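Let's walk through this one together, a piece at a time. Keep the viewer open and follow along.

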Amino acid sequence: MKKINLSKRLKSVAHWIETQVPSPIHLLDIGSDHAYLPIALIQAGIIQSAIAGEVVEGPYQSALSQSIECQVTDRLHVRLGDGYQVLKEDDHVNVTSICGMGGQLIRKILEEGLLEHKLTPRLVLQANNHEELLRSFLWEHGYRIELEQWLQDKGKTYNLMFASQVGKVINYSTRDLKMGKKDRIIFDASYLEYCQHQISSLNRIIEEMSQAQSKDANFDQTIDSMQNKLNWFKEEVERCPFC
């Protein structure tokens, strides 16, 4: 039987599903990327069953082949469809993973799932940009972000969120939206590196904009917004627990 070895970013997702979701775990993996994550979780005995959703025929066929080769077809259902449309009325999934996409696309999938009344009690989301769009959606639709982590894998930076449904709107500030709530962020070496990189990038951009010959009507507002974000990242570095 073929064994699946997960990438660094998917290992993080698998760890959170194992440690944060109560058993029995029934997973919906949207945009399943050859069904690597659900297959590995089934092989490790972490989840009881899974649905792998793919919207494109090629990856769908690949996920089907992987499930057969890894001998997990009795516990993994591979389905062709867009987002939460792959869920049926008699499916009883209790956690959804949506990983390796942009924040805009993940939010679109969540919005459509909300309209279809198919969102699960727990969500594991891994965006490679625009994570603030996910924070606002979750807080405004009754989800609390329990954990948030930054990681690098193969030259890309990912934001990983674990959220649980609490049934009430969560208040948040502009800083919370842009940075995440301080008490929910896992402050590790990857997060410190991310903050330091953002400080360097923002300093460079602010300097370049300040030296520009022509400035549009929104120049001052843009600079103020970037300066606020720069200060927030500096505050994060200053509170580093291991520096």
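**Cysteines first**

One disulfide is what the cysteines add up to here, and keep in mind as we go that this is a predicted model. The bond joins C240 and C243, with 2.1 Å between their sulfur atoms. A disulfide, after all, is a covalent bond between the sulfur atoms of two cysteines. Look along the S-S bond of C240 and C243 and you'll find a torsion of about 85°, so this disulfide is right-handed. The two partners sit in quite unlike surroundings: C240 is buried, at a relative accessible area of 10%, while C243 is exposed, at 68%.

What about C70, then? It takes part in no disulfide, and the nearest cysteine sulfur, the one in C99, is 18 Å off. C70 counts as buried, with a relative accessibility of 0%. C195 is buried as well, its relative accessible area also being 0%. For C195 the closest cysteine sulfur belongs to C240, but at 9.1 Å that is too far for a bond.

Now slide over to helix α3, which runs through residues 57–69. Does its length come out long, short or as expected? With 13 residues at 1.5 Å a residue, α3 should span 18 Å, and its end C-alpha atoms are indeed 18 Å apart, so the two agree. Its buried residues are Y60, A63, Q66 and S67. Viewed down the axis of α3, those buried residues fall within an arc of 125°, so they line one face of the helix. The general rule behind this kind of pattern is that an α-helix has 3.6 residues a turn, so residues three or four places apart point the same way. And what covers the buried residues of α3? The cover includes α2 (36–43), β2 (49–54) and β3 (76–80). Once you're past α3, check Q71, which has a positive phi, near 60°.

Next up is strand β7, residues 156–165, which is mostly covered: seven of its 10 residues are buried. It has antiparallel pairings to look at with β5 and with β6. Strand β5 (residues 122–127) pairs with β7 over six bridges, and within that pairing R122 has S164 of β7 as its bridge partner. Strand β6 (residues 143–153) pairs with β7 over 10 bridges, and there Q149 stands opposite L160 of β7. Follow the chain around the hairpin of β6 and β7 and you'll cross two residues between the strands; K154 in this hairpin takes a positive phi near 55°. While you're looking at these strands, recall that in a regular strand the side chains alternate between the two faces of the sheet.

Last stop: the aromatic rings, which make six pairs in total. Take F187 and F242 as one of them: their ring centres are 6.1 Å apart and their planes are 80° from each other, making the pair edge-to-face. F187 lies in the loop between α6 (174–179) and α7 (189–210), and F242 in the segment after α8 (219–238), so the pair ties together parts that are 55 residues apart in sequence. F187 is buried, at 13% relative accessibility, whereas F242 is partly exposed, at 46%. Finally, which residues do ring pairs link into a cluster? They are W150, F187, Y191, Y194, F233 and F242.

Notes. Residues are numbered from 1 along each chain as its sequence is written. This is a predicted model: local features need pLDDT of at least 70, side-chain atom pairs count only at pLDDT 80 or more; totals for chains, interfaces and linings use all residues. Side-chain values use heavy atoms; hydrogens and water are left out. Buried means under 20% relative accessible area, exposed over 50%, partly exposed in between (1.4 Å probe, protein chains only). Helices (H or I, at least four residues) and strands (E, at least two) are DSSP runs, numbered from the N terminus. Two strands pair if DSSP finds at least two bridges between them. A disulfide is a pair of cysteine sulfur atoms within 2.5 Å. The expected span of a helix is 1.5 Å times one less than its number of residues. The arc is that of the directions from the helix axis to the C-beta atoms. Contact means heavy atoms within 4.5 Å. Rings of Phe, Tyr and Trp (its six-membered ring) pair if their centres lie within 6.5 Å; planes under 30 degrees apart count as stacked, over 60 as edge-to-face and the rest as tilted.
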